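Subject: Structure for you to look through

Dear colleague,

Please find the structure below, and keep it open while you read the notes that follow.

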Amino acid sequence: MNIKEASEQTGVSSAAIRYYEKESLIPPIDRTEVGNRDIDDRILRRIRFVTQMRAAGMSIESLRRYIQLFDAQEDNTKEQKAILKEQLAVMEEKRDDLQAAIDHLNYKLNHFYDHMETTEAELRELERQHQAKLEQED
């Protein structure tokens with residue numbers, strides 16, 4: 001199939017597929033006699049893999065390293081697992097940060113009247129005092 005068809009099938013833009021090839025995230029794509037890319041299932045699976053790993057937050061550099069290890073002749077399972085574990089730790093930290101922010105917003109919503117109104121009133125008073133100070137200086 002051509003790059004347009006592969007793009008439609010994978011949901012990845014043609015430009016991204018070309019970029020993946022240029023950056024060695026997918027193997028070189030075979031060409032037809034007239035020079036068009038001829039994408040097969042092997043390439044489609046690689047495109048999907050790259051897309052999934054990028055969605056998991058993996059950097060281009062880490063992904064390229066992982067793919068180099070996968071494509072190598074020797075067994076690189078330990079290194080491949082180390083890259084995946086490192087990415088998992090990064091994603092878990094992001095999840096934890098996001099969960100902390102969600103928890104904070106839930107607290108604010110659940111305590112709006114006994115916390116937020118008081119805090120907002122205090123902030124308004126501080127702003128009022130600041131404005132009064134500025135007006136005295138003029």
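With which residue does Glu21 form a salt bridge, and how far apart are the closest N and O atoms? Before the answer, please bear in mind that this is a predicted model. The partner of Glu21 is Arg31, and the closest N and O atoms of the two are 4.0 Å apart. This pair connects distant parts of the chain, since Glu21 belongs to helix α2 (residues 14–22) while Arg31 sits in the loop between α2 and α3 (41–55), ten residues apart. The two partners can also be described by their accessibility: Glu21 counts as buried because its relative accessibility is 17%, which falls under the 20% cut-off, whereas Arg31, at 44%, counts as partly exposed.

This is one of ten salt bridges that the structure holds, and two others can be followed along helix α6 (residues 112–137). In one of them Glu120 is paired with Arg124, with 3.8 Å between the closest N and O atoms; both residues lie in α6, four residues apart, which is about one turn of the helix. Glu120 is partly exposed at a relative accessible area of 27%, and Arg124 counts as exposed because its relative accessibility is 55%, a value over the 50% cut-off.

The other salt bridge in this helix joins Arg128 to Glu125, where the closest N and O atoms are 2.5 Å apart. Because Arg128 and Glu125 are three residues apart in helix α6, about one helical turn separates them. Both are partly exposed, with relative accessible areas of 49% for Arg128 and 31% for Glu125. Elsewhere, salt bridges that share partners bring Glu21, Arg31 and Arg37 together in one network.

Turning to the aromatic residues, a search of the whole structure finds two aromatic pairs. One of them is formed by Phe112 and Tyr113, whose rings are arranged edge-to-face, with 5.4 Å from centre to centre and 85° between the planes. Within this pair, Phe112 counts as partly exposed at 31% relative accessibility, while Tyr113 is exposed, with a relative accessible area of 64%.

Which residues have the most contacts inside the largest nonpolar core? They are Ile17, Ile26 and Ile39, and the core as a whole has 21 residues. Helices α1 (3–10), α2, α3 and α4 (60–71) each contribute at least two residues to this core. As background, nonpolar side chains in soluble globular proteins tend to be buried together. If you centre your view on Ile26 and leave aside its neighbours within four places in sequence, you will find Ile26 in contact with Ile17, Tyr20, Glu21, Ile43, Arg46, Ile47 and Val50. Glu21, one of these contacts of Ile26, is also the residue that forms the salt bridge with Arg31.

Finally, is Asn76 buried or exposed? Asn76 is found in the loop between α4 and α5 (77–110), and it counts as buried because its relative accessibility is 9%, under the 20% cut-off. From this place in the loop, the side chain of Asn76 reaches the backbone oxygen of Leu69 at 3.0 Å.

With best wishes

Terms used
Residues numbered from 1 in each chain as written. Predicted model: local features only at pLDDT ≥ 70, side-chain atom pairs only at ≥ 80, totals over all residues. Heavy atoms only, no water. Salt bridge = Lys/Arg side-chain N within 4 Å of Asp/Glu carboxyl O. Buried < 20%, exposed > 50% of the residue type's maximum accessible area, 1.4 Å probe, protein only. Phe/Tyr/Trp six-rings, centres within 6.5 Å; stacked < 30°, edge-to-face > 60°. Core = buried A, V, L, I, M, F, W, Y, C linked by side-chain atoms within 4.5 Å. Contact = heavy atoms within 4.5 Å. Polar contact = N/O pair within 3.5 Å; in protein donor to acceptor, adjacent residues only side chain to side chain.
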